[in-house]
Amino acid sequence: MKRYPAHKVTPLLVQHPDLMEAWKEAAQEGRIRAKTLGRENVVIVEDAALIARLEALGLKGEPVVEEA
């Protein structure tokens, strides 16, 4: 599970329609969550395939530790 700044993910989704479709599917299945940390909007991605795709496009996420 990794966290990405929403403002960096959005342009990639616009540029890659196939990534957008996979993103929508993952969102419907609950494998993506949006969250606000302080003043930053972030997206938490649990889908390993999406994480790999984002990293292949040059976007490195931060590991997320779930709170109990």
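Select Lys35 to begin: this residue is found in strand E2, where strands (E, at least two residues) and helices (H or I, at least four) are DSSP runs numbered from the N terminus. With a relative accessible area of 39%, Lys35 is partly exposed, a class that lies between buried, under 20% relative accessible area, and exposed, over 50%, as computed with a 1.4 Å probe on protein chains only. Show the surroundings of Lys35 next, and, leaving aside its neighbours within four places in sequence, you will find it in contact (heavy atoms within 4.5 Å) with Glu40, Asn41, Val42 and Ile44. If you then draw a distance from the C-alpha atom of Lys35 to that of Glu55, 20 residues apart along the chain, the two are separated by 20 Å.

Before going further, keep in mind that this is a predicted model, in which local features need pLDDT of at least 70 and side-chain atom pairs count only at pLDDT 80 or more, while totals for chains, interfaces and linings use all residues. Residues are numbered from 1 along each chain as its sequence is written, and side-chain values use heavy atoms, with hydrogens and water left out.

**The whole chain**

Zoom out and colour by secondary structure: the protein has three helices and four strands, and from the N terminus on its elements run β-α-α-β-β-α-β. The radius of gyration, taken over C-alpha atoms, is 11 Å, close to the 11 Å that the globule rule gives for 68 residues, so the protein is as compact as a globular protein of that length; the rule itself is 2.2 Å times the number of residues to the power 0.38. Along the principal axes, the C-alpha atoms fill a box of roughly 35 × 25 × 20 Å. Of the 68 residues, 31% count as buried, and residues 24 or more positions apart account for 66% of the contacts with a separation of 6 or more.

**The sheet**

Select the four strands together, and they appear as an open sheet in the order E2-E3-E1-E4, with antiparallel pairing; two strands are said to pair if DSSP finds at least two bridges between them. The edge strands are E2 (32-37) and E4 (62-63), each of which pairs on one side only.

Start with E2 and E3, which pair in the antiparallel sense over six bridges, one of the partnerships being that of Leu37 with Glu40 in E3. The hairpin of these strands has two residues between them, and there Gly38 takes a positive phi near 65°.

Move on to E1 (residues 2-5), which four bridges join to E3 in an antiparallel arrangement. Within this pair, Tyr4 stands opposite Val43, and the bridge partner of Pro5 is Val42. E1 also pairs with E4 in the antiparallel sense, over two bridges, and Lys2 stands opposite Pro63 in E4.

**Helix H3 and the loop before it**

Which strands does H3 touch as it packs on the sheet? They are E1, E2 and E3, and the direction of H3 makes about 45° with that of E1, given axes that are lines fitted to C-alpha atoms (for helices over the stretch in contact) and angles that run from 0 to 180 degrees between N-to-C directions.

Pick Ala52, which lies in H3 and, at 46% relative accessibility, counts as partly exposed. Its C-alpha atom and that of Glu40, 12 residues apart along the chain, are separated by 23 Å.

Now select Asp47, in the loop between E3 and H3: is this residue buried or exposed? At 9% relative accessibility, Asp47 counts as buried. Its side chain reaches the backbone nitrogen of Leu50 at 2.8 Å, and, leaving aside neighbours within four places in sequence, Asp47 is in contact with Ala26 and Arg31.

**The nonpolar core**

From Asp47, step to Leu50, which, again leaving aside neighbours within four places in sequence, is in contact with Leu19, Ala22, Trp23, Ala26, Ile32 and Val45. Leu50 leads into the largest nonpolar core, of 15 residues, where Tyr4, Trp23, Val45, Leu50 and Leu54 touch the most other members. The elements that give two or more residues to this core are H1 (6-15), H2 (17-28), E3 (40-45) and H3 (48-56), and the largest share, four residues, comes from H1. Such a core is a set of buried Ala, Val, Leu, Ile, Met, Phe, Trp, Tyr and Cys residues joined through side-chain atoms within 4.5 Å.

Definitions and conventions:
Polar contact = N/O pair within 3.5 Å; in protein donor to acceptor, adjacent residues only side chain to side chain.
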